[in-house]
Amino acid sequence: MLEEEVNRCQIQEWYPKFKSVSIRTLIHELPESFVQYLRDDSGPFLLPLSISNEDALPNRIHNPEEEEDFAVSEGSDDESEKISPPPSFPELEFLVKESIETLGGAVFPKLNWSSPKDSAWISSTGTLKCTSFCEIALLLRSSDSLVHDLRHAYDSCIDKTSSRPSNFFIALRKWAPSIRPEMEFRCFVRVHQLVGISQREVTGFYPSICEQKNELKMAIQEFFTDEVRLKFDLENYTFDVYVREDGRVKLLDFNPWGAFTLPLLFTWEELGKDSEDGNTLEFRMVESQCGVRPGLKTAVPYDYLDTSEGSGWDQFLRNAEEELRRQTLSASDG
């Protein structure tokens, strides 16, 4: 894989050409200060100081009664030692607020490649729905899946020259409450030919879509031929779509072929083989409860499962073990 292939799949690269068949999206370049805020995992978790009181998060996020917990560094001998004040990004916040209003009052965010799906649990709705800059910052800052964009974007590239792109962007996508996850599909393109379609939500069995398999296959294949094949520049890639109730297909995303992109109900070896029966397109979906893939429906990233040493989940587990050890010692001393 080449850096150029990864770069072509950034949303700010492909969206302008495909916006008529995609979800309405507004994209802003991020200031480097905000990028460093997202990358920084050395200090305490601080949300940005909002310039608008109406955008402030509920007190459960930062309760003034618990100010002492935020003001004193853990393990510090000097109780007067204070942490740094919350960061502030007023210009970015203003742009984001305007975009949210333009898009109907609610959006879901993503960076160049990834969205913070793994941190949806921390929001008040349990989804990626955001109505303020602070809610967006909370999701982005809490996400481990964004580690891919921020630190490992080019790890699979044979011509890797950097670990990150020179510029980061935030894409604010119009929130649609009626989206049905079972109607999302990942499509695999090899040598400009659509060779595979996989149900994207592989942790559930949905009998209703099994009955529509042929119609869904035809709709997606037609969409690829009419809207994607001659417009996207790469030879090998994947793209995600959503099929509406009226049969219309919406483009959600592009991803590189292989590497960190999940093949879902396929393997990359299967997708790379030439068809023996002449049928170049195979459509796979979960067709029974036995076909459900357990273990993916968790709080870990959907497209980037990272529990390696030094990752966010590795640190979380280490902290949990340390806290358990501390409580055990306290109980035994008592």
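## A guided tour from the three-stranded sheet outwards

Begin by selecting Ile27 and Ala171: Ile27 stands opposite Ala171, a residue of strand β3. Helices (H or I, at least four residues) and strands (E, at least two) are DSSP runs, numbered from the N terminus. The model is a predicted one, in which local features need pLDDT of at least 70 and side-chain atom pairs count only at pLDDT 80 or more, while totals for chains, interfaces and linings use all residues. Residues are numbered from 1 along each chain as its sequence is written, and side-chain values use heavy atoms, with hydrogens and water left out.

**The whole chain**

Display the entire protein chain before zooming in. The chain has 11 helices and eight strands. Of its 334 residues, 44% count as buried; buried means under 20% relative accessible area, exposed over 50%, and partly exposed in between (1.4 Å probe, protein chains only). The protein chain exposes about 17900 Å², of which carbon and sulfur atoms supply 50%. These accessible areas come from the Shrake-Rupley method with a 1.4 Å probe, and for residues only the protein chains shown count as cover. Among contacts with a separation of 6 or more, 73% are accounted for by residues 24 or more positions apart, a contact being heavy atoms within 4.5 Å.

**The sheet**

Now select residues 25-29, 107-110 and 169-174. Strands of a sheet pair through backbone hydrogen bonds, either parallel or antiparallel. Here the open sheet of three strands is ordered β1-β3-β2, with antiparallel pairing. The edge strands are β1 and β2, each of which pairs on one side only. Averaged over the sheet, neighbouring strands are turned by 20° against each other, direction ignored. Axes are lines fitted to C-alpha atoms, for helices over the stretch in contact, and angles run from 0 to 180 degrees between N-to-C directions.

Strand β1 (residues 25-29) pairs with β3 in the antiparallel sense over five bridges; two strands pair if DSSP finds at least two bridges between them. Label His28 as well, which stands opposite Ile170 in β3. Strand β2 (residues 107-110) pairs with β3 over four bridges, also in the antiparallel sense, and Pro109 has Leu172 of β3 as its bridge partner. Strand β3 (residues 169-174) is mostly covered, with five of its six residues buried.

**Helices around the sheet**

Select residues 133-142, helix α6. This helix lies across β2 and β3, running at about 35° to β2. How many of the residues of α6 are buried? The count is 10 of the 10, so α6 is largely enclosed by the rest of the structure. The buried residues include Phe133, Glu135, Arg141 and Ser142. To see what covers them, show α3 (32-39), α5, β2 and β3, which are among the covering elements.

Turn next to helix α2 (residues 11-18), where Ile11, Gln12, Trp14, Tyr15 and Phe18 are buried. They pack against α1 (3-8), β1, β2, β3, α9 (213-228) and β7 (249-256).

**A nonpolar patch**

Switch to a surface view and select Ile51, Phe94 and Leu95, which make a nonpolar surface patch of about 280 Å². Patches are made of residues with over 30% relative accessible area and no salt bridge: like charges are joined within 9 Å, nonpolar side chains (Val, Leu, Ile, Met, Phe, Trp, Tyr) within 5 Å. Ile51 is found in the loop between α3 and α4 (67-71).

**Salt bridges**

The last stop is the set of 16 salt bridges in the structure, each a side-chain nitrogen of Lys or Arg within 4 Å of a carboxyl oxygen of Asp or Glu. Select Arg164 and Glu32, whose closest N and O atoms are 2.9 Å apart in a salt bridge. This pair links distant parts of the chain, 132 residues apart: Arg164 is in the loop between α7 (147-151) and β3, and Glu32 is in helix α3. Arg164 is buried at a relative accessible area of 16%, whereas Glu32 is partly exposed at 37%.

Then select Glu182 and Arg180, whose side chains meet in a salt bridge (2.9 Å, N to O). Glu182 counts as buried at 9% relative accessibility; Arg180, at 23%, counts as partly exposed.

Asp240 and Arg200 form a further salt bridge, with their closest N and O atoms 3.1 Å apart. Asp240 lies in strand β6 (residues 237-243) and Arg200 in the loop between β5 (193-199) and α8 (207-210), 40 residues apart. Asp240 is buried at 3% relative accessibility, and Arg200 is buried with a relative accessible area of 7%. Finish with Glu4, Arg8, Lys17 and Asp233, joined into one network by salt bridges that share partners.
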